[in-house]
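User: I would like to learn how to read a few features of a protein model, taking the general idea before the particular case. Could you take me through this one?

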Amino acid sequence: MLAGDGVTENTPLKVALLGSGIVGSQVLRLLTTQADELAIRIGRPLELIGVAVLDPQTPRPGYERVNFTSDAAALVAAGPDIVIELMGGIEPAGSLIRSAIEGGASVVTANKALLGAQSRQLFAAADRQGVDLYFEAAVAGAIPIIRGLRESLVGDEITTVMGIVNGTTNFILDKMTRDGTTFADALAQAQAAGFAEANPTADVEGHDAANKAAILASLAFHSPVTADQVYCEGITELTPQDIAAAAEASCVVRLLAVCELLPGGAISARVYPAMVPIEHPLAGVHGPDKCRVRPFQPGWAPDVPGSRRRRRAHGLSRHRRCCGGGP
């Protein structure tokens, strides 16, 4: 007998999946093809009670026995133990997650935009209901940075978190650096290779990285930070001349997310293209290999290329978007 009201090792763990896009379809594949292995690992069989999609009538070979539905709200209300949200966006994902939590379900999400805007409210709701809200895949999914910040490093004093957290921009910057291409040409190559969306605005304008920076800053400094409190500058204005200027200074350009705990307790969170010395670990992150979070090297402050950015290079504090009462 396992802990719980009448729950035994034979009681299915009911799972509802919201979204079956690029990420959701792979989660669906794992839930169906590795069900036996997952059951051994968690101690109970999994029961996928349904998958919320835009069009349930779309042919999905191999998944004929799966319950596809366009009524995500009804699926959440059907009593799942776990809701996996992979729809993206603020709404209806936010309302569905809140409904799941209020219904007593734990939630797993990769929705960085939602967490960047409403993490404080969602975590408070999960605490009130005594359920879990997991989001390891929302930031640096290939590296367990979220769990490290929440658990392993919770007793440490973290003052800086810095890293490359967006693969699309890293691919583009790498192409501009290695091949001397323009931003537009590098973006077109990223889209052709499947590394950039048809509408790449969230990536190239830095919004995706800003959402991740807000999540990282909130966890690292134990204080709520939202995406609108993150200074955000994308890479759309970068030119081959900017890249060449960085090379002359023995640097490469990378879009960095930098979160700092400032003297007095203020928090600085910012995203911008920075000149990184070639000997720095972050300079060696190439192509679409995103989400590399590396330790901060004391004594090194990222510089930025371009005429407008050079004016900021020696006065970064003027452009830091701070919260928590800081300057």
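Analyst: The turns below go from the chain as a whole to a helix, then to charged pairs and backbone angles. Please keep in mind throughout that this is a predicted model.

User: How many helices and strands are there in the protein chain, and what share of its residues is buried?

Analyst: The protein chain has 12 helices and 12 strands, and buried residues account for 47% of its 327 residues. Of the contacts between residues at least 6 apart in sequence, 68% join residues at least 24 apart. The chain exposes about 16000 Å², of which carbon and sulfur atoms supply 52%.

User: How should I read a helix, and what span does helix 5 have between its end C-alpha atoms?

Analyst: The general idea is that an α-helix has 3.6 residues a turn, so residues three or four places apart point the same way. In this structure, helix 5 covers residues 112-129 and spans only 22 Å between its end C-alpha atoms, whereas a straight helix of 18 residues would span 26 Å. Helix 5 also contains a kink of about 85°, which is centred on Gln-118.

User: Which residues of helix 5 are buried, and what covers them?

Analyst: The buried residues of helix 5 are Leu-114, Leu-115, Gly-116, Gln-118, Ser-119, Leu-122, Ala-125 and Ala-126, so the list includes Gln-118, the residue on which the kink is centred. Their cover includes helix 4 (93-102), strand 5 (106-109), strand 6 (133-134) and helix 10 (207-221). Just after helix 5, Gly-130 takes a positive phi of about 70°.

User: How do I read a salt bridge, and how many does a search of the whole structure find?

Analyst: Side chains of opposite charge can pair when their charged atoms come close. A search of the whole structure finds 6 salt bridges. One of them joins Lys-112 and Asp-208, whose closest N and O atoms are 3.5 Å apart. This pair links distant parts of the chain, with Lys-112 in helix 5 and Asp-208 in helix 10, 96 residues apart. Lys-112, Asp-208 and Lys-212 are linked in a network of salt bridges.

User: Is Asp-208 buried or exposed, and which residues does Asp-208 touch?

Analyst: Asp-208 counts as buried because its relative accessibility is 9%, and the cut-off for buried is under 20%. Lys-112, by contrast, is partly exposed, with a relative accessible area of 21%. Not counting residues up to four places away in sequence, Asp-208 touches Lys-112, Val-165, Asn-166, Ala-202 and Asp-203.

User: What is the N to O distance between the side chains of Glu-260 and Arg-270?

Analyst: The side chains of Glu-260 and Arg-270 meet in a salt bridge at 2.9 Å, N to O. Glu-260 lies in strand 9 (residues 251-261) and Arg-270 in strand 10 (residues 267-277), so the pair ties together parts that are 10 residues apart in sequence. Both Glu-260 and Arg-270 are buried. Another salt bridge joins Arg-98 and Glu-91, with 3.0 Å between the closest N and O atoms; here Arg-98 is partly exposed at 26% relative accessible area, and Glu-91 is partly exposed at 43%.

User: How do I read backbone angles, and which peptide bond is cis, with omega near 5°?

Analyst: As a general guide, most residues other than glycine have a negative phi, and most peptide bonds are trans. In this model, the peptide bond from Glu-91 to Pro-92 is cis, with omega near 5°, and Pro-92 lies in the loop between strand 4 (82-85) and helix 4.

User: Where are His-222 and Ser-250 found, and what is the phi of His-222?

Analyst: His-222 is in the loop between helix 10 and strand 8 (231-232), and its phi is near 55°, a positive value in a residue other than glycine. At 55% relative accessibility, His-222 counts as exposed. Ser-250, in the loop between helix 11 (240-248) and strand 9, has a positive phi of about 60° although it is not a glycine, and Ser-250 counts as partly exposed at 40% relative accessibility.

Technical notes:
Residues are numbered from 1 along each chain as its sequence is written. This is a predicted model: local features need pLDDT of at least 70, side-chain atom pairs count only at pLDDT 80 or more; totals for chains, interfaces and linings use all residues. Side-chain values use heavy atoms; hydrogens and water are left out. Helices (H or I, at least four residues) and strands (E, at least two) are DSSP runs, numbered from the N terminus. The expected span of a helix is 1.5 Å times one less than its number of residues. The bend at a residue is the angle between axes fitted to the seven residues ending there and the seven starting there. Buried means under 20% relative accessible area, exposed over 50%, partly exposed in between (1.4 Å probe, protein chains only). Contact means heavy atoms within 4.5 Å. A salt bridge is a side-chain nitrogen of Lys or Arg within 4 Å of a carboxyl oxygen of Asp or Glu. Accessible areas come from the Shrake-Rupley method with a 1.4 Å probe; for residues, only the protein chains shown count as cover.
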